[in-house]
Amino acid sequence: MKKIILFFVGIALSSSIYSQTTLSAGDIAILQYNADYSPHVIKFLALKSMETGTTINFTDNGWTGSALKTNEDTDTWTATSNIKAGDVIEFTLATITLGTGGDQLLAYQGTAGSPTFIFALNNEGANVWQTSGSPNNRESNLPAGLTNGVNAVALTEKDNYRFKTAAANRKGKISLILNSICDYTKWNGHNSNEKIFNQNIVSQIKWTGSAWTSDDSPTGTTDQYFLTNIRADYTTGTDGLFNANELKIRSGRDLTISSGESITIQNSITNDGSIIVEDNASLVQVLKDGPNTGTGYTVIRESTSQDEEGNYTYWSSPLTNSTLAEVTTAEKYYSFTAATQTWAIASSSTSMIPGIGYINTGDNSISYPNTYTSNFTGSPFNNGDISVSLGFTADADPDTDWNLLGNPYPSAIDADTFIADNPNIGGTLYFWTHNTLDSAGDNTQDDYVLWNGTGGTGSCTGCIPPDGNIASGQGFFAQALASGNATFTNSMRVSGNNSLFYRAKQKDRIWLNLIAENSFSQTLIGFLNNATDGVDRIYDGIRLNGGGKINFYSVLEGKNYGIQGKSSFKGKEIIPLGFNSTITGEFQIDIEKIEGQLKNANIVLFDKTLNKKHHLKKSAYTFLVDVAGTFNNRFVLYINPSKIELTDENEKRIKIFLKRKNLHIRSKKLIKRVVVLDIYGNQLLHKKVNDTSLILPLTKRKLNALYIIKVILKNGTVITKKVIE
């Protein structure tokens, strides 16, 4: 990662790839049932938009009350293209033979052994479902999860039925259309061939400037229509929120989604006017192939406050065709080349590829500290699957496999879902916060901000860490574990959460801070049901040394982790901690936040160098660092310790004592350096040596005073002992 740290600056704005649409009870409705035709044909109405590949099983097997019967047949319908809510679909049955003396037709997803029923029709009897559990193949109990008159209909015994298509029964809200279809009085039945149902069912709502108009006026924001038609300017902040199956904007009209608000579109957008998504607002689309027409699309994003114009910010575009000029007018632009792990100079005319991250300095026309506003405009919203080819070297060096990615949608995405659905990237995402001035030199920053399945780390005391929602326009680094693609999908998109709106996801977790000389580093340790005590892709995140003055981490299997996820909390835990530093002086370790069972636990920090234990819940622990370097054997975090062994095994191999104003040291290992401090931390002696036995004069020594003797061995081991005569 050393090649990329100079410009790694975060913009803190702010389940699997669909194979089919998952349907619920009432998402379709059967409109026609013909038993006198050969082959038998049914028609059904889509009350929810469905993507290509969606399947629905139709069966004339009855429901016993606990299971489907097995004496009859099942046919499966598959959507060969996107289906819009309101489409009437004709399906020719291949194996099912509908009984002319009464039968049933049940629609479900899933398996016959574990069906999720969507709609059901029965014409055996007098407008009733059977309850006897009779083995008669033409009888059926009401399927589980359905309600007669709501998402199921029972008719009298006729060979053929069709829903009446009078205007009063086929316009208005989707919920009222479904109610009408499930009303048995609204059906025509015959024992001879019934004419084919060939009319559309209309469900539209129109905004005319001061009110919604439709055949059934809306009573709330959850009311659904096949088409939502914006025929006058509309702003969600003043006119209210809505969701839509299909959205149409009339020419010359604007739809503005206000900051902090979100709308969801199931299928397509026909945009003859303009759609403006304000900063921290969201537009979510569900169907991955839902087409977006027109060019009047705008997404507004505001950067975080920057100290200087030269500070870099990460971006990605939510539109299909953007240039870096839409971000801001900057002095410098860069893209990152994953294949060579190098930065490439870009310009304002550089096209932004969806799913890829880019960086630039701030707006050069304003004074700083300040924020600036980016306007992505002129092309449709990205929607559906967005794949990015990963750079991967297969050279066993993880520092050559970094990829700069970015959220490609006008809505936030869920980081956990992105990580889970992309197994060829590491389970930790890396964001950078700009905590120091660009003029301080080479954009060297204090800390990476990390997110994985355990949680996120912050960038300063009191700073809110990432919560797992990656905002629209946000760029981030991920590490490739294998060649292939990283893919963004609609299933990752979330409604709202397009800023730092954090989820209260309570786990057994503790955040620890290391603070020194205006520098900060945070580490997170969490205990989770699905994690192990070893290294887990999704729950453990390597601490990257970004050139900051200090880095704080836990140590696992010889590696340094900014986030460590362990198995479920067992009541007592021991976690080695480490840090590296390019500075010396006074340092402090404290608890930033604590959750779950750890709130009631004893949290003890053991300083092996000073043989000192400290209860972190009572106060922060302050200590001195007099030599820059890496210290992976100094601290241990104990949770609910029964006993802490204060004697290091190395002490048995070395003798340290004072005699006649001389310091005597005898070691079985080669000694590299000796440091002597008084009780106040003042350095009395600092000497480089290369021996196993030595006598050093300590002329400033006072009798009956306590001294701290630190011996650094050639192998890196640090042994500290308090001595007094």
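1. A word on terms to start with: accessible areas here come from the Shrake-Rupley method with a 1.4 Å probe. On that basis the protein exposes about 29000 Å², and carbon and sulfur atoms supply 47% of that area. Please keep in mind as you read on that this is a predicted model.

2. Now the overall make-up. The protein has 725 residues, and 55% of them are buried. Its secondary structure comprises 55 strands and three helices.

3. A good place to begin browsing is the open sheet of five strands, whose order is β5-β2-β1-β9-β10 with antiparallel pairing. The edge positions belong to β5 (88-92) and β10 (187-190); each has a single partner strand, so one side of each lacks a neighbour in the sheet. From one strand to the next, the twist averages 25 degrees.

4. Staying with that sheet, have a look at the β10 edge. Strand β9 (residues 160-163) runs antiparallel to β10 and is joined to it by four bridges. If you would like one pair to find on screen, Arg 162 has Asn 188 of β10 as its bridge partner. Helix α1 (residues 174-181) packs on the sheet, where it touches β1 (28-34), β2 (41-46), β9 and β10. The direction of helix α1 makes about 30 degrees with that of β1.

5. Strand β29 (residues 373-377) is a nice one for looking at side chains. As general background, side chains in a regular strand alternate between the two faces of the sheet. In β29, Ser 374 and Phe 376 point to one face and are buried, whereas Thr 373, Asn 375 and Thr 377 point to the other face and are not buried. The strand pairs with β22 (residues 297-302) in the antiparallel sense, over five bridges. Phe 376, one of the buried residues of β29, is the bridge partner of Val 299.

6. Finally, is Val 494 buried or exposed? Its relative accessibility is 17%, and the cut-off for buried is under 20%, so Val 494 counts as buried. This residue lies in strand β39 (residues 493-494). Which residues is Val 494 in contact with, leaving aside its neighbours within four places in sequence? They are Val 284, Ser 411, Ala 412, Ile 413, Asp 414 and Asn 469. Take Ser 411 from that list: Val 494 and Ser 411 are 83 residues apart in sequence, while their C-alpha atoms are 6.8 Å apart in space.

Note on methods:
Residues are numbered from 1 along each chain as its sequence is written. This is a predicted model: local features need pLDDT of at least 70, side-chain atom pairs count only at pLDDT 80 or more; totals for chains, interfaces and linings use all residues. Side-chain values use heavy atoms; hydrogens and water are left out. Two strands pair if DSSP finds at least two bridges between them. Helices (H or I, at least four residues) and strands (E, at least two) are DSSP runs, numbered from the N terminus. Axes are lines fitted to C-alpha atoms, for helices over the stretch in contact, and angles run from 0 to 180 degrees between N-to-C directions. Contact means heavy atoms within 4.5 Å. Buried means under 20% relative accessible area, exposed over 50%, partly exposed in between (1.4 Å probe, protein chains only).
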